[in-house]
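Subject: Handing over a structure, with notes

Hello,

I am passing on a structure for you to look at, and my notes follow after it. Please keep the structure open while you read, and take the notes slowly.

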Amino acid sequence: MLTTAGVPKKSHHTLLESLLGVPTVVNPRELKMSRRNLLLLSNSTIHGSGYLEWAAQEIKDFLTSKNVKTVLFVPYALRDMDNYTETARKKFTSWGYELSSIHQASDPVVAVEGAEAIFIGGGNSFQLLKALYDNKLIQPIRKRVLQDGMPYIGSSAGSNVATVSINTTNDMPIVYPPSFSALNLLPFNINPHYIDADPNSKHMGETREERIRQYHEIPGTPPVLGLREGGLVKVEDNSAKILGKHQARIFFPGQQPVEHPLGTDVSFLLK
């Protein structure tokens, strides 16, 4: 398509990339050649336990296997970042790791470039993604994770932003990021806190499954991994596995959702 001046018009994706300096679609070759190390949690706290306690062993094993001693925390998903950081710091310190927060760094980009591992906490996905764009962190995080193999831990919103987009978040759009395109570390989306419909409920609103089906009515949308409370997915290079306390449900456009038990290899999601 040409403009009136005869100059080729940029596509929507290309225009966003030029304005924001980030890719808005997944590059399959880049992902195939990546050195991904990701641990993506549905949530940080489950009933009857404290902050990250349910996933403590998985997190410690993950960081130990990568010889990590220090973790960079990203608390952008909540407004009270000081208290949020202290909560995370106490937990990681009790496990023997040092934790610093990116919101206290003089230069967030430099902090990412020098990080051993990164942990992006939960909260509001829209607020989190906007802060990542505002601080010009999309591309630096992508580079460290996909090219350098930097370990990435996400919880809830932090898991959402690791995927193609935040279109399958459960959060309210309290702020407006410049794009819903996220870090694109994986070629699928996640729906954290996935809830099954209660057959005995008289509530007539849409179920979580129905909302994901509506999302898949849009052409070209990626698969969605529904992670229940206490669920997680571990990704190493081009391998992915369902771990945690509960099985997961996977949605593909135009297909019935499929349940996948704990320990299932779901590497097909990375292709």
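A good place to begin is Ala248, which stands opposite His260 in strand 11. Please bear in mind throughout that this is a predicted model. Ala248 belongs to strand 10, which covers residues 248-251, and strand 10 is joined by three bridges to strand 11 (residues 258-260), the two running antiparallel. Between these two strands of the hairpin there are six residues, and in this hairpin Gly254 takes a positive phi near 75 degrees.

Strand 10 also has a partner in strand 7 (residues 224-226), with which it pairs in the antiparallel sense over three bridges, and here Leu225 is the residue that stands opposite Ile250. In a regular strand the side chains alternate between the two faces of the sheet. Which residues of strand 10 point one way, and which the other? Ala248 and Ile250 point one way, Arg249 and Phe251 point the other way, and all of them are buried, where buried means that the relative accessible area is under 20%.

If you step back from strand 10, you will find that it is part of an open sheet of four strands, whose order is 6-7-10-11 and whose pairing is mixed. The edges of this sheet are strand 6 (189-191) and strand 11, each of which pairs on one side only. From one strand to the next, the twist in this sheet averages 30 degrees.

The other sheet to look at is also open, and it has seven strands in the order 3-2-4-5-1-8-9, again with mixed pairing. Its edge strands are strand 3 (98-101) and strand 9 (239-244), and each of these pairs on one side only. The twist here averages 20 degrees from one strand to the next. Helix 3 (residues 56-65) packs on this sheet, where it touches strand 1, strand 2, strand 5, strand 8 (231-236) and strand 9, and the direction of helix 3 makes about 170 degrees with that of strand 1.

Within the seven-stranded sheet, it helps to follow the strands one pair at a time. Strand 2 (residues 70-74) pairs with strand 4 in the parallel sense over three bridges, and the bridge partner of Leu72 in strand 4 is Ile118. Strand 4 (residues 118-120) in turn pairs with strand 5, in the parallel sense and over three bridges, with Phe119 standing opposite Ile153 in strand 5. Strand 5 is then joined to strand 1 (residues 37-41) by four bridges, and these two strands run parallel; in this pair, Leu41 stands opposite Ser155.

Are the two faces of strand 5 (residues 152-155) covered or uncovered? Both faces are covered, since Tyr152 and Gly154 on one side and Ile153 and Ser155 on the other are all buried.

Next come the empty spaces, of which I describe two. The second largest pocket holds about 320 Å³ of space, and it is lined by 15 residues, of which Asn167, Thr168, Thr169, Asn170 and Arg211 lie nearest its centre. Which element gives the largest share of this lining? It is helix 9 (residues 208-215), which contributes four residues. Sorted by class, the lining of this pocket has five nonpolar, six polar and four charged residues.

As for closed spaces, the count comes to one cavity of 30 Å³ or more, and the volume of the largest cavity is about 30 Å³. The residues that line the largest cavity are Ser125, Ser156, Ala157, Asn160, Thr169, Asn170, Asp171, Pro192 and His193, and by class they are two nonpolar, six polar and one charged. You may notice that Thr169 and Asn170 line this cavity and are also among the residues that lie nearest the centre of the second largest pocket.

Finally, here is the overall picture into which these details fit. The protein has nine helices and eleven strands, and buried residues make up 50% of its 271 residues. Among the contacts between residues at least 6 apart in sequence, 68% join residues that are at least 24 apart.

With best wishes

Note on methods:
Residues numbered from 1 in each chain as written. Predicted model: local features only at pLDDT ≥ 70, side-chain atom pairs only at ≥ 80, totals over all residues. Heavy atoms only, no water. 1 Å grid on protein atoms, 1.4 Å probe; cavity = no way out; pocket = protein on both sides within 12 Å on 5 of 7 lines; lining within 4 Å. Points joined across faces, edges and corners; volume = space filled by probe spheres on them. Nonpolar A, V, L, I, M, F, W, Y, C, P; charged D, E, K, R; others polar. Buried < 20%, exposed > 50% of the residue type's maximum accessible area, 1.4 Å probe, protein only. Pairing = 2+ DSSP bridges. Axes fitted to C-alpha atoms, helices over the stretch in contact; angles between N-to-C directions. Contact = heavy atoms within 4.5 Å.
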